[in-house]
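User: Please take a close look at one small part of this model. Then place it beside the way the chains meet.

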There are 6 protein chains.
Amino acid sequence: MREGQILYTYLHLAAAPKLAEELLKRGVTGVAYETIELDDGRLPLLQPMSAVAGRMAIQVAAAYLEKERGGKGILLGGVPGVRRGRVAIIGGGIVGQNAARMAIGLGALVNILDINPDTLAYVDDIYQGRVNTLYSDLLSIEESVSRADVVIGAVLIAGARAPKLVTEAMIKKMEPGSVIVDVAVDQGGCIETCHPTTHDDPTFTVHGVIHYCVANMPGAVAHTSTFALNNATLAYGVKIADQGIVAAAANDRALARGLNTYQGKVTHKAVAAAVNAEFVSFSSLAK
Amino acid sequence: MREGQILYTYLHLAAAPKLAEELLKRGVTGVAYETIELDDGRLPLLQPMSAVAGRMAIQVAAAYLEKERGGKGILLGGVPGVRRGRVAIIGGGIVGQNAARMAIGLGALVNILDINPDTLAYVDDIYQGRVNTLYSDLLSIEESVSRADVVIGAVLIAGARAPKLVTEAMIKKMEPGSVIVDVAVDQGGCIETCHPTTHDDPTFTVHGVIHYCVANMPGAVAHTSTFALNNATLAYGVKIADQGIVAAAANDRALARGLNTYQGKVTHKAVAAAVNAEFVSFSSLAK
Amino acid sequence: MREGQILYTYLHLAAAPKLAEELLKRGVTGVAYETIELDDGRLPLLQPMSAVAGRMAIQVAAAYLEKERGGKGILLGGVPGVRRGRVAIIGGGIVGQNAARMAIGLGALVNILDINPDTLAYVDDIYQGRVNTLYSDLLSIEESVSRADVVIGAVLIAGARAPKLVTEAMIKKMEPGSVIVDVAVDQGGCIETCHPTTHDDPTFTVHGVIHYCVANMPGAVAHTSTFALNNATLAYGVKIADQGIVAAAANDRALARGLNTYQGKVTHKAVAAAVNAEFVSFSSLAK
Amino acid sequence: MREGQILYTYLHLAAAPKLAEELLKRGVTGVAYETIELDDGRLPLLQPMSAVAGRMAIQVAAAYLEKERGGKGILLGGVPGVRRGRVAIIGGGIVGQNAARMAIGLGALVNILDINPDTLAYVDDIYQGRVNTLYSDLLSIEESVSRADVVIGAVLIAGARAPKLVTEAMIKKMEPGSVIVDVAVDQGGCIETCHPTTHDDPTFTVHGVIHYCVANMPGAVAHTSTFALNNATLAYGVKIADQGIVAAAANDRALARGLNTYQGKVTHKAVAAAVNAEFVSFSSLAK
Amino acid sequence: MREGQILYTYLHLAAAPKLAEELLKRGVTGVAYETIELDDGRLPLLQPMSAVAGRMAIQVAAAYLEKERGGKGILLGGVPGVRRGRVAIIGGGIVGQNAARMAIGLGALVNILDINPDTLAYVDDIYQGRVNTLYSDLLSIEESVSRADVVIGAVLIAGARAPKLVTEAMIKKMEPGSVIVDVAVDQGGCIETCHPTTHDDPTFTVHGVIHYCVANMPGAVAHTSTFALNNATLAYGVKIADQGIVAAAANDRALARGLNTYQGKVTHKAVAAAVNAEFVSFSSLAK
Amino acid sequence: MREGQILYTYLHLAAAPKLAEELLKRGVTGVAYETIELDDGRLPLLQPMSAVAGRMAIQVAAAYLEKERGGKGILLGGVPGVRRGRVAIIGGGIVGQNAARMAIGLGALVNILDINPDTLAYVDDIYQGRVNTLYSDLLSIEESVSRADVVIGAVLIAGARAPKLVTEAMIKKMEPGSVIVDVAVDQGGCIETCHPTTHDDPTFTVHGVIHYCVANMPGAVAHTSTFALNNATLAYGVKIADQGIVAAAANDRALARGLNTYQGKVTHKAVAAAVNAEFVSFSSLAK
């Protein structure tokens, strides 16, 4: 069977109905990176970007803490005898753990907050005594944020808007010249005062606190990001090329979840709902 | 030359004039562990006891933090998701560094305060990111103490009373059920509210804060302490035995400083002053 | 549907038939912390207490090694040049790993014994070269125990009595003044000579070896334990409050396993057997 | 004896002859932070600034590696599966060790080059296996620089211009978008293509390589720098205040070396030569 | 039911048809270590041998790097100031991770290559900054191998020949006196130039590169290997002894997969195919 | 002044009187690497070789523990669940610390014995909890050696024969197939049963224990050793070349101690005694 054209990349069709329409009209098989999903809910083609963004968040924050960029003039690691910078990381997933790695590496005093006990225990195992793990609740967030020089928003909930865990009232309590980086901003962000910015104009200030909310952070380190992404996409791409999309999707449930359009039909439920199209299951088409 | 009897142990003659008198009368050669001193001012036969006391201080503090012993019921290392205990160590010498090692090992959040930049840099090198090093001044002491669950007094100044760096006002700010261990208590202590206690009745409470001020802490772990002390005293003992005290002292300035009495004379200035005796230099006698 | 009163706490109905009877009579919905169980058999509301108890076990042991408390006078971490204390931890689960963390942190020489190869490999990864991992068999237990200054009993088998892995004969071979802490004692203990004690009278001595067998160790660090427990119970509590018990249990198998009584019936098999009541499945009642 | 006005700060009189003239005219006692020198040649009031600058150098470099700032788009620590950034640190003193700490912390692959075997051995001890220590010679510098994403110039020679260890030819071999930070630039710099810049216009590009050469880097983290400096200057300041400058300088050779002007005379040889004034020893004046 | 004789050991019947025939003839129940397999595909009775072989591979390589054994005279860890040896480990499974542990421990600069993102992330977590994790593709293998002093072949694919990831062309680019250890050689090896050797004549040289390809590496450290194997086999052995093979296999799917022969029939598909016998499912026989 | 020929290398004239005679006859200026000595007694041109030999000693020992080479078949690091190899390192100087680094890196259980408290404390700081530091005395040596799988002789006393700290009686108590490496063997060795061997025939067996006693161990890793040596000798060589030997020796006491022959005279006391020549001080000749 001839399979026609296959588009294998980030599609975000829900937010791009015209693109969806075109794909359907042309009968393009659309495989979206962002909906490929493992059985345990992990998104393998988003993870490398989360790792990049999490690591980058800290070096961005360190830069904006400098006086010249409006920061309070704190060196994250301090020096012997002088207090270290305090970093609060809201969320202990891939973004949060990678941010924690870098913040710990720079010598900061790091609070990482999450509600998953396995996550907290693993972080505690890996960074023995070099990080404070805290169960994330209103009180612990408020205490951590209000004392922090840097807050990293790292709450990503697959396919849903992140909750506004950090409120404007908490931001008000931070010292002027503190820095916020919201890595979740492209999904609405988990910090009330955040809205997406661009690399051209990356920051704004609310209550004296610098907000860095670039929606596509990994673009700034494109060399690293490209390799990271390729490493993740290659395996699925090879499967598609080797087996054809029908067999590949049949043999790999994660890949199957990535199928958004096929033979002029929308084959992904959420996408179908978003673009107001009929949902048809891939398996019914691919027989 | 016959050298007569040699007494080689802790003497503390300044505080024991009768013993001094007796040694002089009997012509005993008194070599005091506590006055053997290296050229750089270190006291090699006190150091092992400082290491033991510093390490033990933390396990003592951990025990008294338990509810049953009157403490606030905090586990020093916390558990994942729950805040760790906060430990303030006043002084970064041998006592302080050994206390820090154990507190870090138990997972506590440790502030270590000192004024020696080389000490702070070395501690920072050894425990990268697992300890806060702070320059010790009134402000940093007050902040550290008032937030601490455990305060370790670790300021020892050779041959002098330790200054009262931690005031009663600071103690008042601590939460009830917090614990203080003053390892320097036998030299007056560096904490205003401390006075020496014994292993039989080791603690008292001031402003709700438990004070553990046993003057001879290493006695509680006698097995370890004995070996530690022997390891340190053996080399000097062997020198005395091999070469005789005259040659040994001539060849080893540290040992020479340990000579308190010789041929019925006091050969150590501070001791002579303390027991109101004439000071005669050992070299003038030993020719 | 009105759901009536819900009791969400540790119930231990098997050991408290009168309480069970009362709950049934009043139609109380009893959700027992201790029977909430994940699909992989882990007990999420017991884990935080195990972590606390494991960590606390070592500081308790360190305290009882002091001469004043009858111990052999060994400092667990030794000091440079003097042998470190030897700790044998029987069991590498949550209790064992947390005990190991603290023992390693205090500088002891630690043997941790388990039969699960994944556990041994993970511990080896996390504490590279700072711990001896040993496959647990009669020989390795005997060797480890007979040379140990401290033995930690850390074998917990969900819903079953722990086996007596450490025999009285092994205890006899230990040096007087050694210390045993059996964290599993409230489930019978894995050490033959142990029986439960209380915080008021926590120890007894057998063959010269101090036994600390307090059944409710976390109570001593109530502040830490309370937060640890709340962090774990909160999520299930919120589900019950948000969805009602019926929907919550339907959506979360772990929570469903926690249901012990419902509408005057016992809905947990083991509990039903223990209190000699009829077992009725929750799902049959909750339709 | 009345001691007159004392100016205790950075003076840099050699570069400011007018200031020198004025101090002499007014009889001001000038104690220069930058010439206070320990017996082993270390400069205790420059060290904290070196520590700050060394640590900051890496976060500056990380920021300029971003595409938006003209860099090659490399994340210093890479992510799992993608190569880490390569950092070459020329010089293993305080600047170099602090830069290494941060670069290692961010996960970079670090070469640190020095000719002092004790320095190399200590760095190897502290960062076991996380850094490449290399004896600094033409070959090792060329190899390290040409492969590096980031080069840190960290050669400071007290009271002398740093040698141009990194030549323009080496810079040419670097990939475009690489970053150089010359922390030694205010002493001429150890990199041929460098010249001092300011925080307002911090960088320029040579052969496609971004040069960051701000002469006063610690100014950007003024909060941290101020505390670091105060911690270092306080002790000497207290001595001057307590004992008067004459006694203080008599009792502390390091402080004595800090005396640049006294009673209308230049009391520091190099300064005297630089401002073309007569050198008079402090000791001859202070009798 | 009498169960007859049970042979529980490594069988490798596919390669030993005569042995298979004999077992069938005699009705022996053959349980093969090498086909016991967990649900997730791991082979629990091969893993301990993989761990031993991986760890041993590095000490073997270190030895053959010595001049006397034909190597290039490189010390794997270098010394301070002299470059460390470079090790490329192809494969990040049990063999690869254990080899990495030892190579890192000896101070080498280690590249570990794999395609599994979870593996790379875990290795990155455990050895923070002490190892380069690289996604394994033609380019990264070629670069790593051509620069390496030591290459470890660590690709094992359960039940299949390992692919020839390292080609002869890559080997040609290595410097003479470099060393290759192919731990996968008994499954064909993942290095083109490798063929199995024995402990008696363990190496050969191709393109100046020393090849160590002993098929049974763990035999050299028989003491360690024996204990490692026993620890793994014991649990299954006990199950067989306690429950009988029928019940044991029914209760443990991993064990069931180990059954190769039963009541004169081949009960393992691949073995049946290999020895050209009829396959009969154990469950059909064991009723 | 013309300075004539300068021979700058290892000379060992005491053991080569003919060479000494020739140098004197020809008026060669002989600067011996091995007698260049810092004020604190360290020998900077022997240290790199000690580092190499110490590190290499462990990989040699690991190799000889293999069955094929006669060893007991123990893997130094064990594997998870199986005991690690035990290594006793007699002496904590450069050889001992480097050996310890490698043994710890391979995962062995390491005892390092020394009598210098500063050495023991530093090793304890650097390898927290990954090594046993023991004060070296008859008892601790005997216990460590008799239980060890590997003993490293690492006692080097500058210019003197090493004492026989490990006696034949202790060797007898070791298990057959254990391995001894005596790095001090070229100075007589610190182990009673050792005598020098060569790379061609490196080992012999006494009481079943394999003895590796190659006098010139670093020769086996010539590539690493050469660079290590060059790094150390270069600085002195440059001084000689730049300043001439007279000025160079005048400005650098360590270098001056290296002068063995000058203008036909022996300028080193110990050499003069050994070759039965008149000693003439260099300073008297070089005026």
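Analyst:
**A hairpin, then an interface**

Strands E10(B) and E11(B) form a hairpin, with 2 residues between them. In the turn, B:Gln263 has a positive phi of about 50 degrees. Keep in mind that the model is predicted.

Take the hairpin's pairing next. E10(B) covers residues 259-262, and E11(B) covers residues 265-266. The two strands run antiparallel and are joined by 2 bridges. In this pairing, B:Tyr262 on one side stands opposite B:Lys265 in E11(B).

E10(B) has another partner in chain B. Strand E2(B), residues 29-32, pairs with E10(B). This pairing is also antiparallel, over 2 bridges. Here B:Gly30 has B:Thr261 of E10(B) as its bridge partner. So E10(B) pairs with E2(B) and is bridged to E11(B). In general, side chains in a regular strand alternate between the two faces of the sheet.

Now the contact between chains D and A. Chain D can be laid on chain A by a turn of 180 degrees with a shift of 0.0 Å along the axis. The RMSD of that fit is 0.1 Å. The two copies are thus related as by a two-fold rotation axis. Both copies use the same surface: 100% of the contact residues of chain D recur in chain A. Within chain D, the residue that comes closest to the rotation axis is D:Gly105, with its C-alpha at 1.7 Å.

The contact takes 38 residues from chain D and 38 residues from chain A. Together the chains bury about 3200 Å² between them. Of that area, 61% is on carbon and sulfur atoms. In chain D, the residues that lose the most area to chain A are D:Gln59, D:Leu75 and D:Leu106. Together they make up 19% of what that side buries.

What about polar chemistry across the interface? Between chain D and chain A, 18 residue pairs are in polar contact. The rule finds 0 salt bridges there. Three helices of chain D each give two or more residues to the side that touches chain A: H2 (47-64), H3 (94-105) and H7 (222-251). H2(D) gives the most, with 9 residues. By residue class, that side of chain D divides into 20 nonpolar, 11 polar and 7 charged. The charged residues are there, yet the salt bridge count across the interface is 0.

How values were computed:
Residues are numbered from 1 along each chain as its sequence is written. Chains are lettered from A and ligands numbered from 1 in the order in which they are written. This is a predicted model: local features need pLDDT of at least 70, side-chain atom pairs count only at pLDDT 80 or more; totals for chains, interfaces and linings use all residues. Side-chain values use heavy atoms; hydrogens and water are left out. Copies are superposed by least squares on the C-alpha atoms of residues with pLDDT of at least 70 in both. Contact means heavy atoms within 4.5 Å. Two strands pair if DSSP finds at least two bridges between them. Helices (H or I, at least four residues) and strands (E, at least two) are DSSP runs, numbered from the N terminus. Buried area is the accessible area (1.4 Å probe) that two parts lose on being put together, summed over both. A salt bridge is a side-chain nitrogen of Lys or Arg within 4 Å of a carboxyl oxygen of Asp or Glu. A polar contact is a pair of N or O atoms within 3.5 Å; within protein, one must be able to donate a hydrogen and the other to accept it, and residues adjacent in sequence count only if both atoms are side-chain atoms. Ala, Val, Leu, Ile, Met, Phe, Trp, Tyr, Cys and Pro count as nonpolar, Asp, Glu, Lys and Arg as charged, and the others, Gly among them, as polar.
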